[in-house]
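Trainee: I should like a close look at a single part of this model. Please take one helix and its surroundings and describe them in a connected way.

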Amino acid sequence: MSNEHQQETGSIDIYTDGACSGNPGPGGWGAILRLAGGGHEKEIYGGERDTTNNRMELTAVIEALRTLKRPVRARVHTDSQYVQKGISEWIHGWKKRGWRTADRQPVKNEDLWRILDAEAARHQVEWIWVRGHAGHADNERADLLARRGIASIAK
């Protein structure tokens, strides 16, 4: 996305999804980035040979935010309550407790949570949960991209 387009609208909608064939197993992630008000959009996807669904959900958001060349206002739409609640609610306690859960266990996927926290800090992000597999067109497209990510590593 060109910087001048980002400056004109100042806002981007991001739709993300992760998928796994087995959990753990081969996984994929996908994201759609769209300038608010329609117009220009970009699709990205990828995969990993041995991963989990939650890691792919996190990776989808991380990679989408990394795609942005400069700070923007972004609305991230995810069907993962793990991602949505983790980044907007749980992470504050984890950081206060030295990346431990309320019951003092190590936070799972801490490596990705730290990366997501840093990427999100570059932007003004609104975290929106959408029900997965409920006919939301952009969520379904993100799911297809995640599945394409699985297929890309299976070759």
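Mentor: Gly 98, just after α3, takes a positive phi of about 70 degrees. The model is a predicted one, and the helix that precedes this glycine, α3, covers residues 81–96.

Consider first the course of the helix. α3 has 16 residues, and at 1.5 Å a residue these should span 22 Å; the C-alpha atoms at its ends lie 21 Å apart, which agrees with that expectation. The helix nevertheless bends by about 60 degrees at Trp 90.

Next, the buried side of the account. The buried residues in α3 are Tyr 82, Val 83, Gln 84, Gly 86, Ile 87, Ile 91, Gly 93 and Trp 94. An α-helix has 3.6 residues a turn, so residues three or four places apart point the same way. The cover over the buried residues of α3 includes α2 (53–67), β4, α4 and β5.

Gln 84 illustrates this cover. Gln 84 belongs to helix α3 and has a relative accessible area of 14%; Gln 84 counts as buried because this value is under the 20% cut-off. Leaving aside residues up to four places away in sequence, Gln 84 touches Thr 78, Trp 127, Ile 128 and Trp 129. Thr 78 falls within strand β4 (residues 73–78), while Trp 127, Ile 128 and Trp 129 fall within strand β5 (residues 124–129).

These two strands run parallel and are joined by 6 bridges, with Arg 73 standing opposite Gln 124 in β5. β4 also pairs in the parallel sense with strand β1 (residues 11–20), again over 6 bridges; there, Asp 13 has Arg 75 in β4 as its bridge partner.

Aromatic residues form a further part of the picture. The structure holds 4 aromatic pairs. In one of them, Trp 94 and Trp 99 are tilted, with 6.5 Å from centre to centre and 40 degrees between the planes. Trp 94 is buried because its relative accessibility is 8%, under the cut-off of 20%, and Trp 99 is likewise buried at 8%. Trp 94 also forms an edge-to-face pair with Trp 113, at 5.1 Å centre to centre and 65 degrees between the planes. This second pair links distant parts of the chain, since Trp 94 lies in α3 and Trp 113 in helix α4 (residues 110–121), 19 residues apart. Both Trp 94 and Trp 113 are buried. Through ring pairs, Tyr 82, Trp 90, Trp 94, Trp 99 and Trp 113 are linked into a cluster; Trp 90, a member of this cluster, is also the residue at which α3 bends.

How values were computed. Residues are numbered from 1 along each chain as its sequence is written. This is a predicted model: local features need pLDDT of at least 70, side-chain atom pairs count only at pLDDT 80 or more; totals for chains, interfaces and linings use all residues. Side-chain values use heavy atoms; hydrogens and water are left out. Two strands pair if DSSP finds at least two bridges between them. Helices (H or I, at least four residues) and strands (E, at least two) are DSSP runs, numbered from the N terminus. Rings of Phe, Tyr and Trp (its six-membered ring) pair if their centres lie within 6.5 Å; planes under 30 degrees apart count as stacked, over 60 as edge-to-face and the rest as tilted. Buried means under 20% relative accessible area, exposed over 50%, partly exposed in between (1.4 Å probe, protein chains only). Contact means heavy atoms within 4.5 Å. The expected span of a helix is 1.5 Å times one less than its number of residues. The bend at a residue is the angle between axes fitted to the seven residues ending there and the seven starting there.
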